[in-house]
Amino acid sequence: MLSIAGVPASRLCPVCHESHQDVAELLGPTAPDAWLAISEGERLEAELTPDVCILPDLGRTRHFVRGHIQLPVMDAEPPMFVWSVWVELDQESMAAIARSWSSPNRAAIPPLTGRLATELPYEEPTRGLEITVHTRDLGLVPLLMVSNTTHALATEQREGVHLHRIVELGARLQRQ
Ligand SMILES: [Zn+2]
């Protein structure tokens, strides 16, 4: 849980002058949006694990992996918020990840390019944004970097946010 950094714990938010306590450190769906959109029957043909999703779609196969987009939070403790999101990869990139999945050197594979497959509660759509996927050591999901430099998600990933913004995004996610 995130809280406003610094003592005393009751310090107030500089934006809304309220106290934000116990804000979620990580938010995100357990499946790609494309999985959530299909019927129970179609899901029988598909596969979903906590980290990977394979979906048959009109004669082809779609591949998704779960990863983390980290946002530095300037005034919180710990100073990091994570969007746990899904990225769609082409077959070749998915094969590269699958080959190295259990390898102790998997962080060494070159970065891959995919598309964000999760709609986040931003002003502009996030699904379809180009993402650079960096695999990490065993036990860590890939780290995702937003390639588009003008989208708010990219700006916030680069420059960080205040805890107030995380509270706001979390509330919007609830209403989605
Ligand atoms: Zn606030």
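# Exercises on a zinc site and two cores

In this predicted model, a zinc ion is held by Cys13 (SG), Cys16 (SG), His20 (NE2) and His164 (ND1), with distances of 2.0 to 2.3 Å.

**Exercise 1.** State which spacing the donors of the zinc ion follow along the chain, and find the arrangement of the four donor atoms from their angles.

*Solution.*
- Along the chain, the spacing of the donors is C-x2-C-x3-H-x143-H.
- The angles subtended by the four donor atoms are 101 to 114°.
- Four donors count as tetrahedral if all angles lie between 85 and 135 degrees.
- The arrangement around the zinc ion is therefore tetrahedral.

**Exercise 2.** Decide whether Cys13 is buried or exposed, and do the same for Cys16.

*Solution.*
- Buried means under 20% relative accessible area, and exposed means over 50%.
- Cys13 has 1% relative accessibility, so Cys13 is buried.
- Cys16 has a relative accessible area of 25%, so Cys16 is partly exposed.

**Exercise 3.** Describe the largest nonpolar core, and list what Leu153 touches beyond its neighbours within four places in sequence.

*Solution.*
- The largest nonpolar core holds 34 residues, and Ile69, Trp83, Leu153 and Ile166 have the most contacts inside it.
- Elements giving two or more residues to this core include strand S5 (60-72), strand S7 (80-89), helix H4 (152-159) and helix H5 (163-175).
- S7 gives the most, with five residues.
- With those neighbours left aside, Leu153 is in contact with Ile69, Leu71, Trp83, Leu116, Leu120, Tyr122, Thr126, Leu129 and Val146.
- Another core, of nine residues, lies apart from this one; among its residues are Ala34, Ala46, Cys53 and Ala117.

Technical notes: Residues are numbered from 1 along each chain as its sequence is written. This is a predicted model: local features need pLDDT of at least 70, side-chain atom pairs count only at pLDDT 80 or more; totals for chains, interfaces and linings use all residues. Side-chain values use heavy atoms; hydrogens and water are left out. Donors are N, O and S atoms within 2.8 Å of the metal (3.2 Å for Na, K and Ca); water is not among the atoms, so sites may look incomplete. Four donors count as tetrahedral if all angles lie between 85 and 135 degrees; four count as square planar and six as octahedral if opposite donors are over 155 degrees apart and all others between 65 and 115; anything else is irregular. Buried means under 20% relative accessible area, exposed over 50%, partly exposed in between (1.4 Å probe, protein chains only). A nonpolar core is a set of buried Ala, Val, Leu, Ile, Met, Phe, Trp, Tyr and Cys residues joined through side-chain atoms within 4.5 Å. Helices (H or I, at least four residues) and strands (E, at least two) are DSSP runs, numbered from the N terminus. Contact means heavy atoms within 4.5 Å.
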